[in-house]
Every structure is written in C-alpha cells, then in structure tokens.
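Trainee: Got a minute to go through this one with me? I'd like to start with the ligand and then wander a bit.

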Amino acid sequence: MPKNVLAPPRSPKSTNAPSLAEQTVVSEGPAPKPLREKSDPNQHDFDVCVIGGGPGGYVAAIRAAQYGLKTACVEKEFLGGTCLNWGCIPSKVMIAAIERLEHVRHADAMGVQLPGPPTFDFAKMMARKEKVVEAQRSGIGMLFKKNGIETIEGIASFLTPNTVEVVSGKERRKVSARNFIVATGSSVAKIPIPGLEGPNVWTSDDAVIATEAPKRMLILGGGAVGVEFAYVFSGAGTEVTVVEMMPNLVPTMDEDLGVELARLFKRRKIAVHLGSTLEKAHKGKNGWVCAIKTAEGRVEVEADVVLLGVGRKANTDKLNLERVGVKLHRRGIEVVNKKMQTHAPHIYAIGDVIGNIQLAHVASAEGLVVAANCAGQEMEMDYNAYPDVVYTIPELAATGLSEKGAREAGRDVVVGKFPYRPFGRSMAALEQEGFVKIVADREFGEVLGMHIIGAQASSLIHTGVAAIRLEATLDDMATIIFAHPSFGEVIGEAVHDALGHAIHKL
Ligand code: FAD
C-alpha cells in the first residue's frame with residue numbers, strides 16, 4: 001500500500017473533536033508533541049506564516065489553523081491566487097458558457113425547438129465570470145475568518161530566517177513565525193518571438209479578461225491552456241489556429257488522447273499545426289502575419305490576436321530567499337524531501353513555485369502535507385496517483401503512467417480500450433465521442449494508468465486514481481459494478497477489454 005499522506009485532523013473547534021494530543025496520527029514518524037509546547041508566542045507572532053493565498057497557500061493555512069496553530073497568510077493581490085483569479089475558474093466559466101451554447105445549438109436533435117438560432121453575449125459571459133470569481137474569493141475570506149487566520153495584505157520578503165517584512169504601499173510590517181510556507185505560485189512569462197510585440201499579443205491573463213472574441217486567433221502551445229482557449233474562442237466564433245512544437249496536442253498525456261483531440265478539433269474547424277514552431281511575426285495590413293515552420297515547410301497565418309499559451313515562471317523574485325538559505329533550481333524553489341522542506345528546514349515550499357507539477361489540486365495536497373509537518377505530524381507527499389484534466393469538450397483526463405511511459409519504465413504492459421459510442425447513456429445524451437484506455441502490468445494485472453477522452457472524464461478519472469492508489473489489479477476492477485446506464489460503464493468495458501473479454505465488442 002502507498003504511504004498515507006493526507007490523513008486530516010479533526011477540527012479542534014468541533015464539539016466531538018479530540019484534543020490535538022489525543023488525535024490518532026496516521027503517519028510513520030514519531031508521535032506528535034503537544035503543539036503548544038512547540039510554539040513560543042513570546043518569541044514569534046505566529047506558529048505558521050504562509051506566503052501566498054492560492055490553492056496551495058490558502059489550503060495550507062486553513063489546515064494549519066485546524067491543527068490549532070496560530071496562522072497568518074500574506075497575500076499581495078487576491079486570495080485564490082492564479083487558479084481562482086486568472087486560471088482554473090475563469091477559464092472554466094468560459095468553457096461552461098460555450099458548452100451550454102453548443103448544447104442549445106444542437107437541442108433540435110433532441111426535439112427541443114427554439115424560435116431561432118441562439119445568440120451569444122461575450123460580455124455577459126465575462127460579467128458572470130467576474131461574479132463567480134468574487135463569490136469564490138469571498139468564500140476563502142470567510143473560511144479564513146472562521147478558522148482565525150490573519151490575512152496580511154502585501155508583498156512578503158525575508159529579513160531573517162524567522163521574519164518577513166510585508167510591504168503594502170507605504171506601510172511596512174514585520175511578521176515573525178516559527179515556520180514559513182512559501183506558496184507564491186507562478187506568473188506568465190512572455191516567450192520572445194521576433195517581431196511579436198505590442199497590443200494584441202495575449203497571455204492567458206489577457207484571455208480571461210477579454211472583452212470580445214477576436215475574429216482570428218493564433219494560439220502558441222497545444223498544452224492544457226492552449227487547447228482550452230482554442231475550444232472557448234472557436235466556440236465563440238473566432239477562427240483559431242493552434243501551433244504546437246511536439247508531434248501531438250497535450251503532449252504530456254498519453255498520445256492517443258492528443259490524436260483524438262486533434263481529430264475533434266479538425267471537425268470544429270480549428271487548424272492545428274503539430275511539430276511546428278512560430279518563428280517570427282510582423283504587423284501586416286490585416287493584423288499579425290505569423291511565420292510558422294512546420295514539418296512540411298513554412299506557412300504564413302494571419303491573426304488579429306496571438307495568444308501565448310506557453311511560458312510560466314516561479315514567483316521567487318521578491319522573497320530574498322538567498323538571505324535565509326533557501327536554494328533554487330532552474331524551475332523554482334528546491335525542496336529537499338517529501339516533507340516539502342527547503343534547504344532551510346523550517347521553511348517549506350509548495351505549489352507552482354517549486355516548478356514540479358503545476359496543478360491546483362496538487363498544490364493543495366502539498367499544502368495539507370506541510371501543514372501537518374508544521375504541527376509535528378511527519379507527513380510525506382506522495383505523487384503516485386493524481387488526476388490531470390484538460391477541460392475541453394469533450395474533456396481529457398489521465399492518471400498514472402501513459403502506455404509509452406509504462407513501456408519506457410520497462411513494464412510489460414497490457415492495454416484495454418473502449419469507445420463511448422455503443423453505450424445507451426452515450427447515445428441518449430448525444431455524447432458518443434471518445435474512449436477510456438487502461439494500462440496495466442501484464443503479469444500481475446496492476447493498474448498503472450487510466451486515460452480518458454469523453455463526457456465527464458474529469459469525474460470518471462477518480463476511479464483510476466483510486467485504483468492506482470489502492471494498488472488494484474484488473475481482476476479487482478472487473479468486479480466493480482458500474483451503474484447502468486452511465487459513462488462509468490465505459491471504464492468497466494475498458495477493463496474487460498484488457499482482460500480479453502469485453503461484452504460489447506463486435
Ligand atoms: P498561485 O495560485 O499562483 O498563488 C500564489 C499566490 O501568491 C498569488 O495569489 C500571488 O499573488 C501570491 N504571491 C506571490 N508572491 C508573493 C509575495 N512575495 N508576497 C505575498 N504574496 C505573494 N490547474 C488545475 O489544477 N486545474 C485547472 O483547470 C487549471 N487551469 C488553469 C488555467 C490557466 C489559464 C492557468 C494559467 C493555470 C491553470 N491551472 C490549473 C494551474 C493552477 O492555476 C496553478 O497550478 C495553481 O494556481 C498553483 O497554485 P499555487 O498556490 O502554487 O500558486
């Protein structure tokens with residue numbers, strides 16, 4: 001079994017909760033000492049000071065407070081960080097609007113009649129996005145209040161190993177703490193393309209505050225960010241071209257997913273150039289003229305907006321990390337162990353700033369681990385199985401090893417694959433695109449990876465996450481009874497396919 005990493009404490013505020021000293025600790029380290037012995041309020045303002053209020057930092061702060069630690073969170077801009085304000089949530093509001101629009105467009109096939117073709121109000125979608133973001137942001141503020149966390153506004157930088165200075169306008173405040181959690185995230189980094197400068201060169205930060213859909217857009221990068229915006233803007237009426245350097249879209253995922261997505265993009269009339277680079281651009285009479293080097297030669301594509309869907313850098317600049325012995329590697333802060341400690345053992349680092357897996361839920365999971373460690377629980381982060389999702393419609397989701405990754409790791413693998421198409425639920429819901437692919441060890445049947453493109457992939461993938469985490473085999477999975485009719489049945493049939501006896505295979 002994988003090591004337990006995320007056993008949550010029970011809130012000390014709940015009436016039935018045991019005291020911290022009474023809590024059962026599911027970890028392999030020494031039993032925790034009573035917390036109050038460890039903290040010395042005369043010496044430090046806080047037990048824990050979290051720097052950065054994104055999904056890594058805010059979750060770490062709440063969990064630290066749940067352990068009874070006196071906790072502060074310094075945030076220079078908005079609670080929720082990149083994810084809530086410029087990333088996960090704004091993009092998903094936009095995706096949800098386009099998905100709804102397309103459902104309405106195709107409603108006739110289901111017998112739903114409309115008086116005419118639906119119209120789409122881009123500005124209204126963006127106003128709703130703002131409301132959703134604000135509601136979520138104030139939700140975090142309320143959680144902080146409820147848990148007695150002090151929010152300190154401003155930019156933090158280390159003065160001494162146990163003190164940061166927080167600067168907000170003309171105000172300066174010194175904040176001392178026994179432990180620090182650096183969760184300062186990452187920011188867009190514009191990659192230089194000769195000639196491509198000035199207005200109408202967007203990053204994802206600009207795309208989520210767009211006021212209208214441009215007529216033509218070239219998106220550099222066919223990773224998660226690039227393809228999600230390709231889906232959104234093409235749905236809103238923009239003529240989209242995607243340029244991806246690797247031979248596949250979403251190149252970090254199993255290649256079958258990228259191939260299928262490219263096929264579906266073609267049907268949506270999104271032009272995709274794979275194995276291609278944007279060499280240079282210049283301003284022509286009708287917008288940007290982009291010179292693309294493809295595998296076959298060179299092509300020129302005109303666009304009103306170029307969206308740079310690649311390039312982020314860790315936010316380490318203003319922290320004065322060298323002063324306190326925290327070291328960096330090429331992509332961010334170096335953590336020296338699975339407890340997420342940096343070279344300065346009382347300073348932890350989590351999330352995008354460590355330049356590892358740049359996903360909100362991984363940052364939050366790391367936050368839970370470090371909060372536990374600040375409370376003396378000796379927890380370790382386990383990256384064995386986590387979901388990786390791309391929210392195009394249909395969605396893509398993956399966990400564990402890709403088929404190629406498993407083979408490269410020297411595993412003898414067996415693969416099962418099953419399409420959504422024949423299932424009753426898929427037909428009923430007009431959701432017949434896509435498939436589930438399962439990768440397992442041939443000898444022992446251990447599930448190594450699951451890869452899905454299709455309806456509800458972001459939810460279905462958790463079956464795969466659980467399977468890998470619990471070291472399930474194909475035989476174990478073949479005993480799961482999936483509801484009928486449901487998309488889960490596709491997983492069931494992919495498992496049976498790997499075992500050589502799928503029921504619905506012609
Ligand atoms: P961040 O969210 O970047 O938060 C860091 C915070 O620290 C910021 O609020 C910043 O203001 C603050 N800060 C920085 N320096 C200082 C300082 N010196 N003092 C005080 N405060 C400071 N991930 C997913 O899992 N799912 C998705 O669907 C998804 N979609 C995305 C879409 C887009 C367009 C983008 C750009 C990213 C997306 N991501 C997604 C990635 C996700 O946003 C990040 O992985 C996640 O936000 C990282 O969380 P974090 O807490 O490490 O950092």
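Mentor: Sure, we'll take the ligand site, then a pocket, then some backbone details.

Trainee: Any ground rules before we start?

Mentor: It's a predicted model, so local features need pLDDT of at least 70 and side-chain atom pairs count only at pLDDT 80 or more, while totals for chains, interfaces and linings use all residues. Residues are numbered from 1 along each chain as its sequence is written, and side-chain values use heavy atoms, with hydrogens and water left out.

Trainee: OK, how many residues surround the ligand, and which are the closest?

Mentor: There are 40 around the ligand, and the closest are Glu75, Thr82, Lys92, Asp352 and Ala360. A residue is in if one of its heavy atoms lies within 4 Å of the molecule.

Trainee: Which polar contacts does Thr82 make with the ligand?

Mentor: An N or O atom in the Thr82 side chain sits 2.6 Å from a ligand oxygen. A polar contact here is a pair of N or O atoms within 3.5 Å. Backbone atoms join in too: an N or O of Ala360 is 2.8 Å from an oxygen of the ligand, and one of Gly56 is 2.9 Å from a ligand oxygen.

Trainee: How much of the ligand's accessible area does the protein cover?

Mentor: 94% of the 1000 Å² that the ligand has on its own, by Shrake-Rupley with a 1.4 Å probe.

Trainee: And which helix gives the most to that shell?

Mentor: Helix 3, with four residues. Helix 3 spans 81-86, and others supplying at least two residues each include helix 2 (55-66), strand 2 (71-75) and helix 9 (360-374). Those elements are DSSP runs numbered from the N terminus: helices are H or I with at least four residues, strands E with at least two.

Trainee: What's the class mix there?

Mentor: 17 nonpolar, 17 polar and six charged. Asp, Glu, Lys and Arg count as charged, and Gly goes with the polar ones.

Trainee: Switching topic: how big is the second largest pocket?

Mentor: About 790 Å³. A pocket is an open set of points on a 1 Å grid over the protein atoms alone, with protein on both sides within 12 Å along at least five of seven lines, and lining residues have an atom within 4 Å of a point. The volume is the space filled by probe spheres set on the points.

Trainee: What lines it?

Mentor: 22 residues, with Glu102, His106, Arg267, Arg268 and Leu430 closest to the centre. Helix 4 gives the most to that lining, with four residues. By class, the lining has nine nonpolar, five polar and eight charged residues.

Trainee: What do Glu102 and Arg268 do together?

Mentor: Their side chains meet in a salt bridge, 2.9 Å from N to O. Glu102 is in helix 4 and Arg268 in the loop between helix 8 and strand 11 (271-273), so the pair ties together parts 166 residues apart in sequence. The whole structure has 24 salt bridges, each a Lys or Arg side-chain nitrogen within 4 Å of an Asp or Glu carboxyl oxygen.

Trainee: Where are the cis peptide bonds you'd point out?

Mentor: One joins Ile393 and Pro394, with omega about 0°. Another joins His484 and Pro485, with omega about -5°.

Conventions:
A polar contact is a pair of N or O atoms within 3.5 Å; within protein, one must be able to donate a hydrogen and the other to accept it, and residues adjacent in sequence count only if both atoms are side-chain atoms. On a 1 Å grid over the protein atoms alone, a cavity is a set of points where a 1.4 Å probe fits but cannot get out, and a pocket is an open set with protein on both sides within 12 Å along at least five of seven lines; lining residues have an atom within 4 Å of a point.
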